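Me: I would like to learn how to read the cavities of a protein. Could you walk me through them?

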Amino acid sequence: MRTLNIGIIGVGVVGSAVVRILEQNKSLISARAGAEFCLKRGVVRDIAKAKERLGGVAIPLSSDIDDVLEDESIDVVIELMGGIEQAYQVAKKTLQKGKALITANKAMLAYHRFELEQIARGIPIGFEASVGGGIPIIRTLKDGLGSNHILALRAILNGTSNYILTQMFEHNKSFAQALSEAQNLGYAEADPTLDINGYDAGAKLLILASLAYGINALPEDILIEGIEGITSDDMEFAKEFGYVIKLLGIAKRHEDTLELRVHPTLISQDSMIGKVSGVMNGISVLGDCVGESMYYGAGAGGEATASSVISDLIEIARDTHSSMLGFSESIQTSLTLKAREEIASKYYIRLYTQDKPGVLGHIAQILGDNGISIKAFLQKEHEDRGTAKLLFSTHTSTESSIANALKAFESLPSVLTKPYTIRIED
Ligand code: HSE
């Protein structure tokens with residue numbers, strides 16, 4: 001049986017799980033791959049810490065990335081270092097040296113996936129671990145659903161934020177408490193801001209969109225909002241009207257435009273995606289032939305992500321790899337990104353106002369002036385006497401109308417804090 005030599009750059013939570021599973025499930029993995037894998041070297045910043053993390057499994061460790069990149073005998077480089085620019089340089093050099101690349105780095109791929117595909121010129125690049133942790137969604141879109149036009153994707157793509165929202169919704173925990181738990185459980189990024197502000201989910205949505213639509217968009221091109229502003233008032237409104245709040249990545253195909261957005265979303269408690277809780281990820285795909293199919297599983301954590309990394313290793317060993325982003329020829333499509341202000345949705349609006357006659361009238365007037373129709377309304381007492389919490393949902397409107405209405409609310413002396421809005425999906 002032939003042997004593939006591997007270098008791993010970054011032996012943290014995921015890297016150490018890759019090393020452990022390759023040892024633990026060795027004969028199964030070799031039987032599937034038709035090859036044996038030899039871990040030639042791991043590159044880490046802190047060798048002592050990595051040894052501790054690896055427990056009994058010993059692999060040669062170094063702190064110099066070139067010990068992997070310049071080693072002629074290494075066939076596959078697994079990049080788990082994180083970050084964007086340095087990781088991109090490593091990925092580029094790996095391919096230029098003729099080595100296969102496996103990366104879990106969604107932030108880097110969000111910017112450089114199309115360049116890497118060009119540089120690779122057929123050298124395999126595996127990135128199953130970059131989206132959805134252990135869920136094999138990359139292969140599903142590239143291969144399993146290959147005959148379908150993808151009409152829509154609705155996805156929970158960040159385990160940390162889903163964990164936080166679930167804890168807030170089900171256990172009334174505070175945002176800070178839930179975040180600190182997610183960090184202790186190893187779900188969060190080194191910089192958890194990216195989990196919370198929607199950029200981690202945004203990077204993953206962009207990767208999925210390239211596989212589904214062949215579209216090359218960057219994080220700056222799409223609407224991305226995080227979960228930082230969500231409060232217990234929003235959770236209360238959600239419960240009262242049969243919703244949950246989820247950080248959703250949404251892709252919707254219109255005739256010649258594509259809507260891509262990531263934001264907190266009110267969605268029915270009865271929907272499949274609404275039932276995805278805790279650190280789990282869920283991806284609903286609507287294809288023109290297959291209809292809706294749903295993919296569910298652990299979206300973060302060492303073992304689950306390592307499972308995807310090793311699936312790439314098996315594919316590389318089998319030598320049956322396809323082009324990185326799943327199109328042998330670029331698809332001739334006139335699909336362009338829909339302008340943000342034209343995106344249509346239903347909305348929830350939270351306002352804290354003075355509790356006095358006429359206030360609601362002014363608010364309703366502004367909504368009416370902007371063509372926004374109210375669907376449901378809830379007024380709650382505020383802890384501060386004299387202040388009212390006004391919670392609305394609307395019928396379908398557009399981003400530009402809502403933005404204008406929010407601006408007008410802010411200019412009212414009776415509106416006490418910045419208005420907050422969450423989009424609603426049916
Ligand atoms: N921090 C990510 C998450 C890990 O919470 O989903 C997987 O990308």
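Reply: Gladly! Let's begin with who lines the space. Helix H7 contributes the most to the lining of the largest cavity, giving 4 residues. Keep in mind that this is a predicted model.

Me: How many cavities does a search of the whole structure find?

Reply: The search finds 2 cavities of 30 Å³ or more. The largest cavity holds about 150 Å³ of space, and the second largest holds about 40 Å³.

Me: Which residues are closest to the centre of the largest cavity?

Reply: They are Ile-125, Gly-126, Lys-142, Asp-312 and Glu-315, out of 16 lining residues. You can then ask which elements those linings come from. Strand E6 (125-126), helix H7 (137-144) and helix H13 (302-318) each give two or more residues to this lining.

Me: How do the residues of that lining divide into nonpolar, polar and charged?

Reply: For this step, Gly counts as polar, while Lys, Asp and Glu count as charged. The lining of the largest cavity has 6 nonpolar, 4 polar and 6 charged residues.

Me: And which residues line the second largest cavity?

Reply: Here you can name the lining in full: Leu-22, Lys-26, Ile-29, Ser-30 and Phe-37. Helix H2, covering residues 26-33, gives the most to this lining, with 3 residues.

Me: What classes does the lining of the second largest cavity have?

Reply: By class, there are 3 nonpolar residues, 1 polar and 1 charged. Try matching them to the names yourself: Leu, Ile and Phe count as nonpolar, and Lys as charged.

Terms used
Residues numbered from 1 in each chain as written. Predicted model: local features only at pLDDT ≥ 70, side-chain atom pairs only at ≥ 80, totals over all residues. Heavy atoms only, no water. 1 Å grid on protein atoms, 1.4 Å probe; cavity = no way out; pocket = protein on both sides within 12 Å on 5 of 7 lines; lining within 4 Å. Points joined across faces, edges and corners; volume = space filled by probe spheres on them.
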